[in-house]
Amino acid sequence: VQLQASGGGLVQAGGSLRLSCVASVASGRAFRSYTMGWFRQIPGKEREFVAAMKASGGYANYAEAVKGRFTVSRDNAKNTVYLQMNNLRPDDTAVYYCASDPSIIQSTLASQTAYAYWGQGTQVTVSS
């Protein structure tokens, strides 16, 4: 699986961005069978969980820091997962990564070690 993230940029505090992650999946396994996650990393810090959506699309999980501000969604027809980020804050500044895996149980959605496939990051910078 190859993942291509985009949509990052520079925005003022209180603004919004929408990140996209397009997946190229192997034949024989549909995109809809992959759980998709978003993580972020600040230089010098550990990569941290942001949000994830189960393969079924019926369950999403969010980090406490982004609940109520970020929304994860997916369009299986386009092999794409989105992260809508509203009311951005300076502490949301980070490189954002998308990740996927076809075999994740719900209890491990927030664990980066549960994801086998990772895209390159996209930089999000929020100015105060």
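Me: A strand is a DSSP run (E) of at least two residues, and strands are numbered from the N terminus. With that numbering, where is the place of Lys54?

Reply: The model here is a predicted one. In it, Lys54 is in the loop between β5 and β6, the latter being residues 60–62.

Me: How do you know that Lys54 has no salt bridge?

Reply: A salt bridge needs a side-chain nitrogen of Lys or Arg within 4 Å of a carboxyl oxygen of Asp or Glu. For Lys54, the nearest side chain of opposite charge is Asp101, and it is 9.7 Å away. That is outside the cut-off, so no salt bridge is counted, although Lys54 is buried.

Me: What does the side chain of Lys54 reach?

Reply: The side chain of Lys54 comes to 3.2 Å from the backbone oxygen of Ile104. A polar contact requires N or O atoms within 3.5 Å, so this distance fits the limit. Apart from neighbours within four places in sequence, the residues in contact with Lys54 include Thr35, Tyr59, Arg74 and Leu109.

Me: Why is the aromatic pair of Phe39 and Phe49 called edge-to-face?

Reply: The search of the whole structure gives 5 aromatic pairs. In the pair of Phe39 and Phe49, the rings are 5.6 Å centre to centre, with 70 degrees between the planes. Centres within 6.5 Å make a pair, and planes over 60 degrees apart make it edge-to-face; both conditions hold, therefore the name applies. This pair links distant parts of the chain: Phe39 belongs to strand β4 (residues 35–41) and Phe49 to strand β5 (residues 48–53).

Me: What makes Phe49 count as buried?

Reply: Buried means under 20% relative accessible area. Phe49 has 13% relative accessibility, so Phe49 counts as buried. Phe39 has a relative accessible area of 0% and is therefore buried too.

Me: Why is the pair of Tyr115 and Trp118 edge-to-face?

Reply: The ring centres of Tyr115 and Trp118 are 6.2 Å apart, and their planes stand at 65 degrees. The limits are within 6.5 Å for a pair and over 60 degrees for edge-to-face, so the pair meets both. Tyr115, at 5% relative accessibility, is buried. Trp118, at 27%, is partly exposed, because its value lies between the 20% and 50% limits. Phe39, Phe49, Tyr115 and Trp118 form one aromatic cluster.

Me: Over which ring does the charged end of Arg47 sit?

Reply: The charged end of Arg47 is over the ring of Trp118, at 4.6 Å from its centre. Arg47 also lies over the face of Tyr97, where the distance to the ring centre is 4.1 Å.

Me: How do you know that Glu48 and Arg40 meet in a salt bridge?

Reply: Their N to O distance is 2.6 Å. The limit is within 4 Å, so this counts as a salt bridge. Glu48 is partly exposed at 36%, whereas Arg40 is buried at 6%.

Me: What makes Glu64 exposed?

Reply: Exposed means over 50% relative accessible area, and Glu64 has 63%, so Glu64 qualifies. Glu64 meets Lys67 in a salt bridge of 2.8 Å, N to O. Lys67 itself is partly exposed, at 44%.

Me: Which residues do salt bridges that share partners join into one network?

Reply: Arg69 forms a salt bridge with Asp92, with 2.7 Å between the closest N and O atoms. Both Arg69 and Asp92 are buried. Arg40, Glu48, Arg69 and Asp92 are joined into one network by salt bridges that share partners.

Technical notes:
Residues numbered from 1 in each chain as written. Predicted model: local features only at pLDDT ≥ 70, side-chain atom pairs only at ≥ 80, totals over all residues. Heavy atoms only, no water. Phe/Tyr/Trp six-rings, centres within 6.5 Å; stacked < 30°, edge-to-face > 60°. Helix = DSSP H or I, 4+ residues; strand = E, 2+ residues; numbered from the N terminus. Buried < 20%, exposed > 50% of the residue type's maximum accessible area, 1.4 Å probe, protein only. Lys NZ or Arg CZ within 6 Å of the ring centre and 35° of its normal. Lys, Arg positive; Asp, Glu negative; His and termini not counted. Polar contact = N/O pair within 3.5 Å; in protein donor to acceptor, adjacent residues only side chain to side chain. Contact = heavy atoms within 4.5 Å.
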